[in-house]
Amino acid sequence: MKTFIVYLLLLFFYGPVFHAQEKEEGSQFKNYSSSLFNSKEKAFSVVSHLDKKDRNELNSRIQSGVQIQQIGDFNKVYASLKSNDTKVAVDQKGDNNALALDKNAKTITQSVIQQGDNNKISDFTLYTNHNVNMEIIQKGDNQSVQNIGTNSLSKNMKITQTGNGASVILINK
């Protein structure tokens with residue numbers, strides 16, 4: 001019942017979003033018109049490229065527990081984390097940024113950076129047998145990331161959004 005209430009609250013928090021997926025008989029991965037996603041391997045490897053200084057700074061901040069730094073107005077963080085070892089660092093610089101983390105895994109190592117205004121991240125893994133090591137970076141305004149679940153392809157995922165108005169939805173079964 002608690003899980004249902006959390007999902008209901010998040011629905012109101014992030015607004016109604018509907019998704020549909022259809023699988024054709026005998027379908028294979030089809031190339032998109034974008035050269036970025038011209039193969040299945042590239043489509044599942046959305047990797048961030050931080051310069052060495054930023055990566056070292058980020059890695060040095062991740063310690064046991066949850067560390068949150070907020071600079072700006074009306075930033076929100078909701079975190080429900082269950083694991084044997086939790087290392088989460090959150091950095092929000094800007095206004096009206098929102099982060100919702102609900103994870104249950106063996107270990108959780110995650111860094112989240114939101115730089116800009118009106119950015120949203122929803123990241124849910126209700127239970128996985130994997131060690132989760134994830135990085136999400138948003139640099140810009142009005143961006144959205146929705147990640148549901150963790151599997152062997154997404155357990156070490158790195159996502160970077162730059163610019164304005166981008167949206168990423170990941171559903172891992």
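Visitor: Let's start small: which residue in β10 is the bridge partner of Val 145?

Guide: Val 168 is the one paired with Val 145. Keep in mind that this is a predicted model. Zooming out from that one bridge, β8 and β10 run in the parallel sense and share five bridges.

Visitor: What is the strand order in the sheet they belong to?

Guide: Read across the open sheet of five strands and you get β2-β4-β6-β8-β10, paired in parallel. β2 and β10 (167-171) are at the edges with a single partner strand each, so one side of each has no neighbour in the sheet. From one strand to the next, the twist averages 5 degrees.

Visitor: Let's look at β2, then. Is Lys 82 buried or exposed?

Guide: The general idea is that a residue counts as exposed when its relative accessible area is over 50%. Lys 82 has 53%, so Lys 82 is exposed. This lysine is part of strand β2, which covers residues 76-82.

Visitor: And which residues does Lys 82 contact, beyond its neighbours within four places in sequence?

Guide: Those are Lys 103, Asn 104, Ala 105 and Ile 108. Take Ala 105: 23 residues separate it from Lys 82 in sequence, yet their C-alpha atoms are 6.5 Å apart.

Visitor: Back to β8: which residues join Ile 148 in a nonpolar surface patch?

Guide: Ile 169 and Ile 171 do, and the patch made with Ile 148 is about 250 Å². Ile 148 itself lies in β8, residues 144-148. Between the buried and exposed classes sits "partly exposed", and Ile 148 is put there because its relative accessibility is 39%.

Key: Residues are numbered from 1 along each chain as its sequence is written. This is a predicted model: local features need pLDDT of at least 70, side-chain atom pairs count only at pLDDT 80 or more; totals for chains, interfaces and linings use all residues. Side-chain values use heavy atoms; hydrogens and water are left out. Patches are made of residues with over 30% relative accessible area and no salt bridge: like charges are joined within 9 Å, nonpolar side chains (Val, Leu, Ile, Met, Phe, Trp, Tyr) within 5 Å. Accessible areas come from the Shrake-Rupley method with a 1.4 Å probe; for residues, only the protein chains shown count as cover. A salt bridge is a side-chain nitrogen of Lys or Arg within 4 Å of a carboxyl oxygen of Asp or Glu. Helices (H or I, at least four residues) and strands (E, at least two) are DSSP runs, numbered from the N terminus. Buried means under 20% relative accessible area, exposed over 50%, partly exposed in between (1.4 Å probe, protein chains only). Contact means heavy atoms within 4.5 Å. Two strands pair if DSSP finds at least two bridges between them. Axes are lines fitted to C-alpha atoms, for helices over the stretch in contact, and angles run from 0 to 180 degrees between N-to-C directions.
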